[in-house]
Amino acid sequence: MNSNDQTKSQLYEEIQQLRSELAVARSIVARRTSDLSISEERFSLAMRSTNDGLWDWNLETDETYYSPSWKAMLGYEENELENSLNTWVSLVHPDDKAIALQKTQDYIHGRANSFEVEFRMRHKDGHNIFVLSRGFLVKREVDAKPIRMVGTHVDITERKKAEAFDKRSAEILGMIAKGRCASDIYDAIALMYEGRHPGMRCSMLELSGNKLLHGGAPSLPKEYCEAVHGLENGPSVGSCGTSTFTGQRVLVEDIETDPKWEKIKHIALPHGMRSCWSEPIKSSDGKVLGAFGMYYNHPALPNEKELQDLISAAQLTGIVMERDHVQKRIHKLAYTDELTGLASRAAFIQHLEEITKTSLRHDRRFGLLYIDLDDFKSVNDSLGHDAGDLLLKIITQRLLNTCRETDFIARLGGDEFCILIEEIEEDYAANVAKRCLEVVRQPLELYTRKLTPTCSIGIAYYPEDGNDLSSLLKAADISLYSAKGNGKSHYAFYKRELTQKAEYRFQMEQSLREAIEKQQLTLAYQPQININSGKIVGVEALSRWHHPQLGHVSPKDFIATAERIGMIKPLTEWVLRTACMQLIAWKAQGFHAIRLAVNISPSIFLDEKFVLLIKRIINDIQIIPSELELEVTESVVQTDPRNLLIFSKLKSLGVFLSIDDFGTGYSSFASLKHLKADYLKIDKYFIDDMLVDKKSLMLVSSMIEMGQKLGYGIIAEGVETSEQLDAIKTLGCETVQGYVFSKPINAESILKLLNREIQENALKSTATTRLHVVRK
């Protein structure tokens with residue numbers, strides 16, 4: 001075989017081999033094409049069975065296949081959408097398009113291992129649905145180049161709604177927990193259910209008495225909400241008005257034809273509302289608080305899901321509404337005085353802070369009137385707390401009628417009121433104070449008892465007297481104290497020097513408390529002398545206080561302070577015990593005919609435990625009860641059964657009782673007839689004037705004569721001159737006390753007087769004996 005034949009033979013074999021390999025390749029391609037067709041057909045059948053939408057995108061031509069389920073998912077028929085990528089692009093929500101395209105490109109170019117993305121697509125009727133898109137690439141066998149992308153669309157709208165609902169539910173619960181205002185929570189609840197049911201609009205109405213009040217309705221027209229606000233509920237006042245009236249669910253399919261809407265449908269129909277379902281909002285104890293309403297723009301009755309949401313929405317709103325009612329009640333209790341209805345102390349402080357800031361910003365001044373009723377405690381003590389409460393209500397109404405609506409009036413507590421006045425003219429605050437004094441002191445009758453109440457008023461100005469809350473209140477309090485010092489029914493302005501007095505008063509209060517607790521006070525004793533015999537028949541124990549910084553403090557000042565700070569009881573007990581022990585010491589030295597007098601505060605004397613205190617002191621110190629004389633002022637001399645009982649109990653112990661400062665108070669002679677007292681002490685006020693004023697002399701004479709005829713011993717106190725002593729003696733008074741004999745002195749000096757008295761009596765006795773011998 002020549003070389004040409006050999007070459008042809010080799011070429012023929014190669015061609016045959018190529019043909020064989022090509023046939024094998026064609027067979028493989030055909031088999032794979034057949035497998036792919038089968039797979040696609042199976043995948044398509046699977047998608048039909050699950051209602052998922054199938055899409056197939058040719059990456060080289062952008063031609064895109066959309067399955068019937070894919071189109072139906074968006075509300076389209078088979079022939080209504082073009083098979084192109086632009087169809088998908090035009091239907092994706094603008095806000096989601098960029099992220100969807102970016103994830104697609106990342107997957108195609110190998111930057112992501114899988115493709116899965118969620119986005120919104122526009123439905124044919126205009127609303128959006130949520131879609132979950134998944135896909136995979138189909139590549140060429142030869143070069144592995146992506147030529148197609150095949151995937152599915154799954155409608156996840158319900159899942160996304162559920163997730164959004166759960167998220168909003170959690171947010172609402174957080175708002176409730178954080179105490180957000182009810183109106184914000186109402187709007188959030190409405191939007192949550194509206195998001196769950198497209199086209200629905202929700203509203204919440206609160207029930208106040210029998211009136212419907214707007215609570216929340218973020219999607220309803222403002223005009224409709226304003227028209228409904230304030231309507232009275234009833235059996236034919238729409239869905240919500242009826243449900244709050246009956247306490248039952250009301251489902252109205254067509255507002256236009258339902259008789260329950262006959263009276264108010266004209267305010268609903270213009271805004272497109274055609275159906276309304278209402279569920280009463282109830283508290284935990286079943287009380288109707290309001291109504292939750294759901295509206296649609298077409299006639300309808302709720303399906304099972306909508307009905308369940310209506311019920312749950314009303315229950316959730318009920319939690320918020322009930323909490324809001326409780327908070328409003330708490331706020332009212334905190335910021336409103338329950339007795340008078342005025343602003344409370346907390347509200348006053350808040351308002352004062354606000355007006356201070358405003359006045360500072362606009363360079364304005366305002367006045368603060370601090371009002372305190374005079375002798376209010378005596379009303380409570382004598383007539384009872386009910387009468388005191390009634391008096392406070394009457395005073396409140398009088399103040400309200402006196403002031404302008406713009407004046408802020410508050411009750412700070414007890415019998416204290418404050419008025420904040422913005423100055424519109426000079427001295428306006430003073431004019432208001434004058435009117436308040438005048439209107440308060442108008443006579444009135446409480447439980448058949450005629451009273452003429454009075455008040456004292458302190459006035460302070462911002463910013464002259466104080467430029468902040470603390471300093472202004474302090475200035476008003478100091479000026480009030482000054483007004484009280486001027487007598488009843490006065491007002492006073494703040495002055496700088498008053499602060500010094502207040503600071504002194506504060507220091508005295510602190511020091512006095514310490515002095516009483518540590519028993520740092522002392523006692524002085526003033527003798528009581530029998531006019532006829534000239535002998536000391538008793539002494540009055542008088543407390544004295546000398547402080548290292550304050551110096552000698554007047555008893556009038558520190559006793560009043562002890563009353564004010566609640567230390568009068570321990571002070572009184574200390575005086576009684578100390579004086580009684582001193583009496584025992586004098587008796588041990590041979591002086592037995594001395595009676596000890598101690599002045600008792602009315603507040604202590606009328607205390608139900610006072611009798612027990614006296615009994616305990618008598619037993620502890622072992623004094624004879626008749627050696628103790630308790631002095632009380634005329635203010636306790638009343639025919640009140642409680643007072644009479646205390647007098648009776650003390651007399652049963654055997655102690656002596658005397659009426660101090662007799663003639664200066666308001667006791668009647670009828671009261672004296674019932675009291676079991678032993679002595680009347682004529683006040684120094686009458687003794688001072690008796691030699692220059694005939695009326696005073698006549699009064700003293702009458703008191704001595706009347707007292708003696710009623711069986712009382714008479715003691716004249718404050719006798720300072722021999723002329724006064726002679727006059728008192730002439731009128732028949734038995735006992736005197738005053739500087740004419742001795743000022744108050746310490747126990748050692750009293751002992752010297754007693755010893756001197758013995759010596760003088762001994763000398764008189766010796767002289768009488770000698771004279772008798774001489775005469776014989």
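# Worked exercises on strands, helices and loops

In strand E9, the bridge partner of Val 252 is Cys 276. Keep that pair on screen for the first exercise, and remember that you're looking at a predicted model.

## Exercise 1: From one pair to a sheet

Find out how many bridges join E8 to E9 and which way the two strands run, then place both strands in their sheet.

Step 1. Start from Val 252 and its partner in E9, Cys 276. E8 and E9, which covers residues 275-282, are joined by three bridges and run antiparallel.

Step 2. Now zoom out. The order E7-E6-E10-E9-E8 makes an open sheet of five strands, with antiparallel pairing. At the edges sit E7 (211-216) and E8 (250-252), each of which pairs on one side only. Going from one strand to the next, the twist averages 25°.

Step 3. Look for a helix lying across the sheet strands. That's H9, residues 304-335: it lies across E6 (201-208), E8, E9 and E10 (288-296), and it runs at about 140° to E10.

## Exercise 2: A well-covered strand

Work out how many residues of strand E19 are buried, and trace which strands it pairs with, starting from E18.

Step 1. Check the cover. E19 spans residues 536-547, and nine of its twelve residues are buried, so call it mostly covered; the cut-off for buried is under 20% relative accessible area.

Step 2. Take E18 (residues 522-530). It pairs with E19 over eight bridges in the antiparallel sense. One pair to click on is Pro 527 with its partner Val 539 in E19. The hairpin of these two strands has five residues between them, and there Gly 534 takes a positive phi near 75°.

Step 3. Move on to E21 (residues 595-599). Here the pairing with E19 is parallel, over four bridges. Arg 595 in E21 stands opposite Gly 538.

Step 4. Finish with E20 (residues 551-553), which is joined to E19 by three bridges and runs antiparallel to it. His 546 has His 552 of E20 as its bridge partner. The hairpin from E19 to E20 goes through three residues.

## Exercise 3: Two helices that cross

Describe how helices H10 and H14 cross, and say which residues make the contact.

Step 1. Get the geometry. The axes of H10 (residues 345-362) and H14 (residues 469-485) come within 10 Å, crossing at roughly 115°. The crossing is right-handed.

Step 2. List the residues. H10 brings Phe 348, Ile 349, Leu 352 and Glu 353, while H14 brings Leu 469, Leu 472 and Leu 473.

Step 3. Sort them by class. You should get six nonpolar, no polar and one charged residues.

## Exercise 4: Helices with a buried side

Explain why the buried residues of H16 count as lining one face, then try H24.

Step 1. In H16 (residues 555-564), pick out Phe 558, Thr 561 and Ala 562, which are buried. Looking down the axis, you'll see these residues fall within an arc of 100°, so they line one face of H16. Here's the background: an α-helix has 3.6 residues a turn, so residues three or four places apart point the same way.

Step 2. In H24 (residues 722-730), the buried ones are Gln 724, Leu 725, Ala 727 and Ile 728. Their arc around the axis is only 165°, which puts them on the same side of H24.

Step 3. Ask what that side packs against. The buried residues of H24 meet H22 (684-689), H23 (694-709), E25 (713-717) and E26 (735-737).

Step 4. See what follows each helix. Just after H16, Gly 566 has a positive phi of about 75°; after H24 comes Gly 732, with a positive phi near 95°.

## Exercise 5: Unusual loop residues

Decide whether Asp 375 is buried, partly exposed or exposed, do likewise for Ser 489, and then hunt down the cis peptide bond before Pro 463.

Step 1. Asp 375 sits in the loop between E11 (366-373) and H11 (376-383). Its phi is positive, about 55°, although it isn't a glycine. With a relative accessible area of 43%, Asp 375 is partly exposed.

Step 2. Ser 489 is in the loop between H14 and E17 (491-493). Ser 489 isn't a glycine either, and its phi is positive, near 55°. At 15% relative accessibility, Ser 489 counts as buried.

Step 3. The cis peptide bond joins Tyr 462 and Pro 463, with omega about 5°. Pro 463 belongs to the loop between E16 (455-462) and H14.

How values were computed. Residues are numbered from 1 along each chain as its sequence is written. This is a predicted model: local features need pLDDT of at least 70, side-chain atom pairs count only at pLDDT 80 or more; totals for chains, interfaces and linings use all residues. Side-chain values use heavy atoms; hydrogens and water are left out. Two strands pair if DSSP finds at least two bridges between them. Axes are lines fitted to C-alpha atoms, for helices over the stretch in contact, and angles run from 0 to 180 degrees between N-to-C directions. Contact means heavy atoms within 4.5 Å. A crossing is left-handed if the near helix is turned anticlockwise from the far one by less than a right angle, and right-handed if clockwise. Ala, Val, Leu, Ile, Met, Phe, Trp, Tyr, Cys and Pro count as nonpolar, Asp, Glu, Lys and Arg as charged, and the others, Gly among them, as polar. Buried means under 20% relative accessible area, exposed over 50%, partly exposed in between (1.4 Å probe, protein chains only). The arc is that of the directions from the helix axis to the C-beta atoms.
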